[in-house]
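Reader: I'd like to learn how to read a few features of a protein model. Could you walk me through them?

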Amino acid sequence: MKNSYHIDEKGCYGEFGGAFVPEMLQPNLTELKEQYLNILEDDQFQEEFQDLLKQYVGRPTPLYYAKRLSETYGTKVYLKREDLCHTGAHKVNNTVGQILLAKRLGKKRIIAETGAGQHGVATATVCALMGLPCVIYMGAIDIERQAPNVARMKMLGATVIPAKSGSKTLKDATNEAIRDWISNPTDTHYIIGSVVGPHPYPDLVARLQSIISKEIKKQLLEVEGKENPDYVIACVGGGSNAAGAFYHFLEEENVKLLAVEAAGKGVDSGESAATSILGKTGIIHGSKTLLMQSKDGQITEPYSISAGLDYPGVGPLHAHLFKSKRADFVAITDEDAMKAGLQLSKLEGIIPAIETSHALALLEQKTFKEDDIVVINLSGRGDKDLQTYIDYFKY
Amino acid sequence: MNRIKKRLQENKKILSIYFTAGFPQLDDTTSIIKSLENSGVDMIEIGLPFSDPLADGPTIQASSTQALKNGMTTDLLFTQLKSIRESVNIPLVIMGYFNPIFQYGVEEFCKKCQETGIDGLIIPDLPLEVYQDEYQTIFESYGLINIFLITPQTSTARIKQIDEASKGFIYMVSSASVTGGKNDFSEEQLAYFKKVKDMNLKTPQIVGFGISNKKTFNQATSYAHGAIIGSAFIKFLENKKDSVGEFILNFIKI
């Protein structure tokens with residue numbers, strides 16, 4: 001049987017996915033589940049969505065042929081410039097779509113979780129655009145280490161609430177957002193930032209991000225005369241930019257998909273976020289997926305220098321791509337990622353987000369053929385990471 | 001007969017207490033259970049602590065974090081409870097999130113529950129449909145009753161579906177919120193209690209979330225068959241100014 005890389009009628013990707021949520025969330029999720037496809041496929045929605053993507057986000061983003069990087073590695077490297085999206089990362093593709101969805105669902109208030117703050121900023125941005133009140137949950141520890149993004153969210157009119165429970169990072173911010181949704185079940189829409197969480201979120205977010213691979217196909221056809229590259233490379237935390245970059249290639253089995261996770265200080269160091277290697281099947285935030293946890297099923301705290309990859313789970317689509325071997329999963333250390341980030345800055349004049357630097361580091365680790373077409377999803381720009389780069393390279 | 005069913009057949013308002021295993025001290029589990037039974041409590045929910053308790057408010061979250069820090073594990077809980085049935089007769093229910101049970105092995109977990117004398121399970125993040133498709137047969141073969149939740153947002157149709165699937169009681173969540181006490185019930189909450197009462201379900205309902213004093217206990221039990229006190233008891237355990245008996249008396253004295 002041919003593998004399917006999309007959800008089945010129960011919201012599962014193979015053995016992963018589903019909606020393991022308390023009864024308190026069933027009405028909200030049922031409403032969303034019953035309506036999201038109709039809304040997404042509605043002509044008026046699409047018109048409004050595409051218009052905002054073009055005029056507000058700045059799409060299509062370029063597919064840039066990175067000449068000096070290509071020369072260095074003896075292959076053809078294209079960078080999908082999601083870093084040029086408004087707010088500086090791919091995250092906004094999803095928030096623009098979900099805010100339009102929320103309005104059609106008649107919701108009056110928006111909540112979201114954020115780790116590094118990129119999704120929080122992208123959510124606060126579209127809430128400002130639509131004039132909706134916005135509450136962002138962010139781990140107390142992340143608030144300290146991501147001060148500029150906290151300020152941006154506040155400038156955009158959002159309320160930022162520190163998550164003080166558990167380990168005080170992204171997973172706890174997500175818990176707090178879910179608790180908020182439990183307590184505000186009728187008027188509030190929860191904009192999840194990645195392809196994680198209970199069904200239908202992984203599919204919803206993947207569809208909204210799929211614009212990335214749709215554009216890649218069109219753009220490659222123009223410059224290379226064919227739609228399909230040999231490789232698509234993307235970093236994976238929860239996995240939204242990878243889901244978007246892979247989406248229209250999932251069934252094209254001759255396109256190799258490379259998912260890059262954060263090895264942190266090394267996969268065996270005890271300080272890592274390489275979920276596919278270190279995780280076991282479990283339940284996190286309402287989804288059955290690969291998950292870093294103790295023997296006893298307590299969720300453990302991951303580590304990566306990049307806050308955006310610092311998540312103990314992975315979207316169920318990616319767990320399925322890993323298990324079915326449709327995608328290859330590779331783990332890149334802090335050190336290799338930082339080097340790759342610096343290299344891109346010097347060779348191409350682009351300072352990437354540290355998340356993206358993990359994907360770029362694969363060029364050094366893997367050998368590509370001269371005529372291979374390698375597309376790397378440049379998911380975000382590095383402005384938010386300047387302090388980390390400065391501290392690391394002692395500028 | 002399962003102790004939960006037996007207790008529900010008695011014509012009595014059920015006072016059920018939740019506590020987190022391993023809190024405040026790692027080895028408090030059995031002494032808390034015994035003193036609750038001696039104080040006249042009708043049923044106990046033993047919380048299996050989890051790192052990420054989605055449906056719980058700050059009080060129970062903090063108790064879970066502390067219990068895990070103290071060293072509580074699934075195995076240790078079963079060890080602590082090994083001889084509990086030599087001295088305790090009231091129904092005992094384990095309340096926990098699905099992941100630790102899933103990692104333990106659902107069948108192994110159920111088997112241990114039966115050996116220990118556990119009567120039922122409350123697993124908030126195991127939805128009805130998944131339970132029925134994958135786990136009901138296992139639970140039932142070990143004599144365990146699975147308890148489902150309803151909330152003010154649960155549709156009438158789904159309440160009926162849950163009633164149909166229930167074997168013990170329905171855990172009626174009092175409000176759209178996570179666990180944790182408020183001092184009073186609103187008109188809307190009372191209207192919801194009445195609506196459910198008037199549905200004349202086959203399964204008795206026990207109200208949980210927001211039962212913090214005698215007033216809320218009495219209000220809840222004037223509509224439902226009983227009420228569950230969780231966060232208020234955890235707060236009591238934190239301070240422990242009185243004995244367990246005195247805490248319980250606050251709810252049941254006339």
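**Charges over rings**

Author: Happy to. The charged end of K256(A) lies over the ring of Y231(A), 5.1 Å from its centre. Keep in mind that this is a predicted model.

Reader: Which ring does the charged end of K265(A) sit over?

Author: That of Y303(A), again with 5.1 Å to the ring centre.

Reader: Let's turn to rings beside rings. How many aromatic pairs does a search of the whole structure find?

Author: Over all chains, the search finds 28 aromatic pairs. Take Y190(A) and Y201(A): their centres are 6.1 Å apart and their planes make 55 degrees, a tilted pair. This pair links distant parts of the chain, with Y190(A) in strand 8 (residues 188-190) of chain A and Y201(A) in helix 9 (residues 201-209) of chain A, 11 residues apart.

Reader: Why do Y190(A) and Y201(A) count as buried?

Author: The cut-off for buried is under 20% relative accessible area. Y190(A) has 1%, so it is buried, and Y201(A) is buried because its relative accessibility is 0%. For another geometry, look at Y104(B) and F109(B), an edge-to-face pair with 5.9 Å centre to centre and 85 degrees between the planes. Both Y104(B) and F109(B) are buried. Rings can also gather in a cluster: F217(B), F233(B), F236(B), F247(B) and F251(B) form one.

Reader: Now cysteines. How many disulfides does the structure hold?

Author: A disulfide is a covalent bond that joins the sulfur atoms of two cysteines. Over all chains, this structure holds zero disulfides.

Reader: Why is there no bond between C235(A) and C85(A)?

Author: The sulfur of C85(A) is the closest cysteine sulfur to that of C235(A), but the two are 14 Å apart, so they are too far for a bond. C235(A) is also buried, at 2% relative accessible area. C12(A) has 16% relative accessibility, so C12(A) counts as buried too.

Reader: And strands? Which residues lie on each side of strand 2 of chain B?

Author: M43(B), E45(B) and G47(B) are on one side, with I44(B), I46(B) and L48(B) on the other, and both faces are covered. Six of the six residues in this strand (residues 43-48) are buried.

Reader: In what sense does strand 2 of chain B pair with strand 1 of chain B?

Author: Parallel, over five bridges, with strand 1 spanning residues 14-20. F19(B) stands opposite I46(B) in strand 2 of chain B. Between these strands the chain passes through helix 2 (residues 29-38) of chain B, in a right-handed β-α-β crossover. Strand 2 of chain B also pairs in the parallel sense with strand 3 (residues 92-96) of chain B, over five bridges. There, I44(B) is opposite L92(B).

Terms used. Residues numbered from 1 in each chain as written. Chains lettered and ligands numbered in written order. Predicted model: local features only at pLDDT ≥ 70, side-chain atom pairs only at ≥ 80, totals over all residues. Heavy atoms only, no water. Buried < 20%, exposed > 50% of the residue type's maximum accessible area, 1.4 Å probe, protein only. Helix = DSSP H or I, 4+ residues; strand = E, 2+ residues; numbered from the N terminus. Pairing = 2+ DSSP bridges. Right-handed = clockwise from strand over helix to strand, strands pointing away. Disulfide = S-S within 2.5 Å. Phe/Tyr/Trp six-rings, centres within 6.5 Å; stacked < 30°, edge-to-face > 60°. Lys NZ or Arg CZ within 6 Å of the ring centre and 35° of its normal.
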